[in-house]
Every structure is written in structure tokens, then in C-alpha cells.
Amino acid sequence: MELYNLLRTRSSLSLVLLVFVEKLLRVQPNLKHLFLLLRAVDTLSPTQRLHKDVIGKEVFRVLRKKHGLGFNSFISKKVTPIFGDVSLENMGMEDSDLEKKLHKEINFVVHFAATTTLQERYDVALAVNTLGAKHVSNFAEKCENLEMFLHVSTAFVCIREMPGVKLETPISQTFKETSKFLDIIEEEKKLVQQKLNELKAEQVSKKQETTAMIKLGIERANTYGWPNTYLFTKALGEITIGRHLKKNLPVVILRPTAVTGTYREPFPGWIEGFKSLDPLVISVGRGKLPCFIGDHESSLDIIPGDMVVNAIIVIMVNHAKTNNHGIRHDHNDIIYHIGNSSTQSTSVVKLLDYAYDYFRENLWMGGDTNENVKPVFFRTMCRFREHILSNYVVPMEEQKVQFAKRWAKIYEPYLLFKVIFDTSATDQLRRWMKAHYGTGEADGFDFDAKHINWKDYMINIHIPGLMKYAVKPHLVSNSKL
């Protein structure tokens, strides 16, 4: 299996969701019950999938040790798994009695579901990232005692704009033409169906259909100014949620930057699948990234998954109707950015230097020190391409930079598009937490990236965790690697 295919392999449940469920169950004794929507897989029952794909994960080992033999009993009392699919109307639920129960009992709806593949099939990305947001917000609107609907988006929905500081404001306030996007979503649904019908009539193979739908997604994203299908469909998802604001639905949108492995909880370094930084780290480890784009000012804005979860829990506490000490909000549509761009301490050059240092001391499986290459960086895509044309003209030499070329094209909008994500609302939330709960408890829900020593995090936490929990399991389970 080539490196690119290995990195496209990802878990069906997100790192943030799993860490969120684990922390709620571990530190929130007043949690009455958690209803967890899971997509049906094979012939597994909801309970079987809960045990296989959620609580069976290594991230639950601390909680499992805490409860010992009573762990399964604890889970059964606190968690109810429900089969559903956010891409379907009514989230695919067919049990009317269950629906009534959920509408009556649920106080908080937190929406994590997304397909994060940057160049996903357009029909899949539109169904999950855009229509999924619509279907979940429709469900939330029916909850009789709803205190908050929290939608997890991504900070990078903002990179359609010009470079600069990106404020914590809804997309509806950012783009003047946003109002037309609700109509555009319906047009895009029709376009997708039309394309699928054409491909069916042509009797193309499944692989050809997938290629065509990926191409369509990129074309549609580029048409409206977004660099890839993921960001385009996530932006449309935020827009669909915006229509609920006039109905006083208590909406909060969290926009994390690029999520990485855990910093501290439930233990350092845990990761599920491969995240946005990891293709570059692994390419460095394998000696497949001799050159790349970026400079010391090209910040790769990353944030550990447990810090994202801490922010979510604090937001839930702050926005709860039963909380009398919350921040006074002027609008229902509150946006929080969670990342590190204000620290300017995670340039792509530094992060990949740390990766190089790590793999010099911890060689990739079967490798030797001669395979380690420290990347040379170029501030523009033009200079990067000129370097390749000048130095890798022989076919065998050109193979050395195939990964660099592929990843440079994917990462270009993130590294060469200079942006800083404003965190004013997030900073205010952090101050509120310390003021009302004290420094000790606030530290237990830390989401301040300024507290991270990034060199230590990369070399002693993230990369070891990446190798242990993401890379090695795939090497073991794929004998052709």
C-alpha cells in the first residue's frame, strides 16, 4: 500500500467525538444520560458497535481502569447507542416512540459528524457535511428542553476570503452573497443527482464514478472560491444552520483549526487515524519530503484534540440556561475559534524540523540514517516548482519528490494563504472559566495553546503517539505495506 492510500484510511468516528465521550463520562458525575448516534456498519447491533468502535478504543483505558469490573454496567447506565445517519432526513430514525423520547429528554445536541477527506466524493461530502448539518439542526429545533445546539465546524471555512485576521463571526456576516447560498445548496443537490444519473447511463465502473464525483466536488468548490470539497461543504453546512437563528434556536459554532493527538487527557499522544499534520510528518520519517512550501511565517495552525473537547465542555456549561453566571451574549449565533495562530510558534518549518529530529533518533521501520532528509522550504509555489524542475529531471530522481508535489498542492491554501484566526470570544470564555471556577478546575479544562511547548509536544507526545496508535496498527494489518 502506498503512503497516500495509507493516509486516506481514517476512522469512521472522529478523534474529538471519542475524547469528548470519554471525558464527559470520566469527569462529569452529574451527566444523566448520553444518546450517541452511530451509523450502522455491517450487521452489528447498536450495542455491538458501541463496544467495538467507541468504548473498545484505547482512549477509554483510564475510564475502564477506574471502574474495573463495573465498567460495562456503568456504560449501559450512562450511554444509549442509536443507529442513524445524519445524511438522511430525520437522521434516518424510524422509531417514532424513540424520537418522542429524545425530543423530550435531550438538553444538548452536539454535532460532530463530518467527512474530513479534503477531496471527497461530492455527493458524499454534500450529504454529510451540508445536509447533515441541516438534518441535525432540524432535529435540535424539535427538542422541547433544548439549552444549546453546538455544531463543530472548522476554522478554515474562512480561507475563501482575503488574507488577514478572521473574526469569530458567522459566514452569513462574512460574505455579502451568502443569502443566495441556500438556493445554491438546492441547485447543487440537483447537479449531483444529474451527474450520478449520467454516470449510471454510461455504465461506468465504481472507480470511474468515484473519480468523476471527486472531480465534480473540486470544480464546484473552486467555482465558489473554496480550495477543496471539504471546506466548501462545511461552509455550506454553517449556512444551513444560520437559517435557524431567526427561530431563536440556541446555536453555537465551534471552529477548531487542524486537530492533532491529545496533549494531556486522558493520556498524552492518543490519536485516532491520521490527521492533517500527519502526512507531512510521515513523509519526513520515510525520507519522502526533500522539499516543501512555506517559511518561518507559514504557521500550520494545529490544536490537540483534548483542548478542543475542553472548549466544548466549557461552552456547554457557559451557555446552559440553568447557569446564572454565563457571559452576556448579544446574539444567538456565537462563534468560537480554537487554535494557536496567535502564538506564531508552529511554523511548518519548525514542526517538520522537529519531525526530522525525531526520526533521526527513531528511524522509520527498516530504515537507516542515510534515508533521513531535512526538507528545504520555498516561500512560493513557483519557486518550489522551479526547484523540482532544476534538480529532479531524471525519472528516478523525480520519484523522490512525488509526495512533496502531491502534498504541496493540497497544503498550499493552508500554508501560503496568510491568515490569523481571531480568538476574542474564546479568550473571553477562558477568562470566565477562571473567574467562576478557579485556577485549579480551569486547568482541568485547559484549551489555551500558549501553554504548549510545541517542540516537546511534537517529539515526545504527538509523533510517538502517531507511530503507536495510527501507523503501526496499519503496518500490522496490511501485509502488503
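A search of the whole structure finds 0 disulfides, a disulfide being a pair of cysteine sulfur atoms within 2.5 Å. The model is a predicted one, in which local features need pLDDT of at least 70 and side-chain atom pairs count only at pLDDT 80 or more, while totals for chains, interfaces and linings use all residues. Residues are numbered from 1 along each chain as its sequence is written, and side-chain values use heavy atoms, with hydrogens and water left out.

Two cysteines can be placed by their accessibility (buried is under 20% relative accessible area, exposed over 50%, partly exposed in between, with a 1.4 Å probe and protein chains only). C143 counts as buried because its relative accessibility is 6%, whereas C382, with a relative accessible area of 48%, is partly exposed.

Helix 7 (residues 122-141) has 16 of its 20 residues buried, so it is largely enclosed by the rest of the structure. A kink of about 40°, centred on L131, interrupts helix 7, the bend at a residue being the angle between axes fitted to the seven residues ending there and the seven starting there.

Turning to helix packing, helix 2 (residues 15-27) and helix 13 (residues 305-319) have axes 9 Å apart and meet at about 55°; they are therefore oblique to each other. Helix 12 (residues 278-285) packs against helix 17 (residues 402-415) at an angle of about 160°, with the axes 11 Å apart, which makes the two roughly antiparallel. Angles under 35 degrees count as roughly parallel, over 145 as roughly antiparallel, 65 to 115 as roughly perpendicular and the rest as oblique.

Definitions and conventions: Helices (H or I, at least four residues) and strands (E, at least two) are DSSP runs, numbered from the N terminus. Axes are lines fitted to C-alpha atoms, for helices over the stretch in contact, and angles run from 0 to 180 degrees between N-to-C directions.
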